[in-house]
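Subject: Structure handover

Hi,

Here is the structure for you to take over. My notes on what turned up follow below it.

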Amino acid sequence: MSAFTPHNLPYSLAIAAASLVPVFLMYVVFRRPGTIRNIPGPPSPSWIFGHTLQLILPTRYGEHEFGWQQSYGAVYRLKDCFGVRSVELLSSGLIPSQQDRLMVADPAALHYIVNSPHFKFSPMLENLAYLLYGPKKSCFCSCTVEEHKSLRAALNVGFTAAAVRSYHSTFEKAASRLTEELHNSSSTTIDICPLLSFATLSTIGEAVLGQSPEELGEELIRNNLEIVAVAASHSRQQILAEAILSCLPAWLFRAAAHLPTPTLRTARDAKRLAYELGNRIVQEKLVAARDGLDTDGDVFGVLCMDGSGTTKNGLPGDVVAAQTALFLIAGQETTATTLVLGLRELSRLPEFQANLRSEIMAKTGNIAYDSMPLLNSFIKESLRMFPILPIDDRIAREDTIIPLSEKITLSTGEEISQIVLEKGQIVSIAIAAFQRLESRWGKDAHEFNPNRWLQGSAYKGAEALGPYANLLSFLGGPHSCLGWRFA
Ligand code: HEM
């Protein structure tokens, strides 16, 4: 049995967090009051946890969040753990300021935040990205705006509509394997979660890296399952530890990342295994391309097709290899869980299910997915109802002003149509809440109703949000999901 279990995770993080208590106490003593303090929000249930337990550990999807939105509207204020989450410490020169988190589901505000260079990943997300994906320069989440732009442009050639069409046979093979497995099962009850999890991992292995599950290797597959378990197992202790850890200056966090705890070892292994695999594949594909062999058919192959000994767009081979962990982690559980939640809803709609099955069965040969209205409406509704990232945190790099679609009333009685934010303010992009706004999706916004998409867009708004169907499930703007067509 692996040494890593979700139960020793809090313990591991607690060790890493223990040394930070003095830093944390200094912050509590010297922090300044927030600038968004007049924006109404629910009273905080706990000084230690603020609203974080309700936000991160609900018993059902959006349990508290959708209620807060009902009471306070599309923009409101929550409290974080001791307020420490909003502290971007000395590392980037931002000043500790608020203990408030601004929750935003207002469409104009979201459009501004996801497209604006005035926001970047929160310290917690940057820390996580460092742990899993490696150094800043080649990491999507923490490189500079300019580095991100050129990295993304270079990698995008593997994710265009034409490139993704060339992976279809791989997707279809994976679907056939899974169907066969379900048909062959003698059990009347099947747990679809591990089956879909493995199916998406092997699909990404084949369509991104050109590797079968055997070629990915047992160690990498086991490690991948452990990483997914870490991501899925949040506890009170972990929330506290993460809040304290996000106060660390970057250099101290990086030093702490080398501590010999099981969780950190699992994260280090993930980064190492993915890099070794990616590097081997890139080298093999570059040699194949130089020898004039066809390397088309998977993302890394498309990137290495240049044939001149470098990857397309002159991207160094080691930078492509450094993306392996991101593609494996960002693509796998996101897709698998979206499918699981969609299938659960489908099981409650027998008539729609029968019609969808007929639509699928009627297709043979080269399938044009765009010409399958029921399948597309099912996919859109699954993504709308259950975005796998219900909230995504950002921090203001500098003072900025957020526009609003609808005015809000402050606790002072004043009405405002824009919010002045101070540098260092944490903002939550409330993706799930936006996708349940009755003003934008209709009175039945909380119902799973794929038919809403059959007459075109279900979104009633002028702002164009997200790369797909005006949904933010793949986010929007320069950091929107690179793999949305692939997904
Ligand atoms: C249903 C499935 C998926 C969902 C809902 C999803 C969602 C997201 C979201 C919300 C982000 C933005 C995260 C942030 O900025 O904080 C993102 C980024 C990203 N996703 Fe996906 N994703 C999915 C599948 C995939 C797949 C299959 C791949 C690749 C094979 C992929 C690759 C990426 C990459 C590379 C980024 C970073 C983009 C950047 O920062 O420029 N995703 N995804």
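I start with Leu78, which lies in strand S1. Please keep in mind that this is a predicted model.

**Strand S1**

Leu78 counts as buried because its relative accessibility is 1%, and the cut-off for buried is under 20%. Not counting neighbours within four places in sequence, Leu78 is in contact with Pro42, His51, Leu55, Trp68, Gln99, Asp100, Arg101 and Met103. Take Met103 from that list. Leu78 and Met103 are 25 residues apart in sequence, yet their C-alpha atoms are 7.1 Å apart in space.

Arg77 also belongs to strand S1, which covers residues 75–79. Is Arg77 buried or exposed? Arg77 is buried, with a relative accessible area of 16%. Its side chain has a polar partner: a contact of 3.1 Å joins Arg77 to the side chain of Asp100. Setting aside neighbours within four places in sequence, the residues in contact with Arg77 include Ile36, Arg37, Ile39, Pro40, Gly41 and Pro42. Asp100 and Arg101 are also among the contacts of Arg77. Asp100 and Arg101 are on the list for Leu78 too.

**The whole protein**

Some totals for orientation. The protein has 22 helices and 7 strands. Of its 487 residues, 51% are buried. The exposed surface comes to about 22300 Å², and carbon and sulfur atoms supply 58% of that. Contacts reach far along the chain: among those between residues at least 6 apart in sequence, 73% join residues at least 24 apart.

**The ligand and its iron**

Which protein atom is a donor to the iron atom of the ligand? The only one is SG of Cys481, at 2.3 Å. Cys481 sits in the segment after helix H22, which spans 438–441.

The ligand has 27 residues around it. His148, Arg152, Asp392, His479 and Cys481 come nearest. By type, the shell divides into 15 nonpolar, 9 polar and 3 charged residues.

Three side chains have polar atoms close to ligand oxygens:

- Arg152: a polar side-chain atom lies 2.7 Å from an oxygen atom of the ligand.
- His479: an N or O atom of the side chain is 2.7 Å from an oxygen atom of the ligand.
- Arg394: a polar side-chain atom lies 2.9 Å from an oxygen atom of the ligand.

The elements that give two or more residues to the shell are helix H7 (145–155), helix H18 (324–346) and strand S4 (391–396). Which of the elements gives the most? H18 does, with 7 residues.

**Asp392**

Asp392 is among the residues that come nearest the ligand, and it lies in strand S4. Asp392 counts as buried, since its relative accessibility is 7% and buried means under 20%. A polar contact of 3.4 Å joins the side chains of Asp392 and Arg394. Arg394 also has the 2.9 Å approach to a ligand oxygen listed above. Leaving out residues up to four places away in sequence, Asp392 touches Leu125, Val427, Ser428, Ile429, Ile431 and Leu475.

**Helix H5**

Helix H5 covers residues 107–115. Which of its residues are buried? They are Pro107, Ala108, Ala109, Leu110, Ile113 and Val114. These buried residues pack against four strands and two helices, as follows:

- strand S2 (100–104) and strand S3 (119–121)
- strand S5 (400–409) and strand S7 (426–430)
- helix H21 (431–434) and H22

There is a side-chain contact at the start of H5. A side-chain oxygen of Asp106 reaches to within 3.1 Å of the backbone nitrogen of Ala108.

**Backbone angles to look at**

Two residues have a positive phi without being glycine. Phi of Ala469 is near 55°. Phi of Asn470 is near 60°. Ala469 is in the segment after H22, and Asn470 is placed there as well. Ala469 is partly exposed, with a relative accessible area of 24%. Cys481, the iron donor, lies in the segment after H22 too.

Over to you.

Definitions and conventions. Residues numbered from 1 in each chain as written. Predicted model: local features only at pLDDT ≥ 70, side-chain atom pairs only at ≥ 80, totals over all residues. Heavy atoms only, no water. Donors = N, O, S within 2.8 Å, 3.2 Å for Na, K, Ca; no water. Buried < 20%, exposed > 50% of the residue type's maximum accessible area, 1.4 Å probe, protein only. Contact = heavy atoms within 4.5 Å. Areas by Shrake-Rupley, 256 points an atom, 1.4 Å probe, with all protein chains shown as cover. Near = heavy atom within 4 Å. Polar contact = N/O pair within 3.5 Å; in protein donor to acceptor, adjacent residues only side chain to side chain. Nonpolar A, V, L, I, M, F, W, Y, C, P; charged D, E, K, R; others polar.
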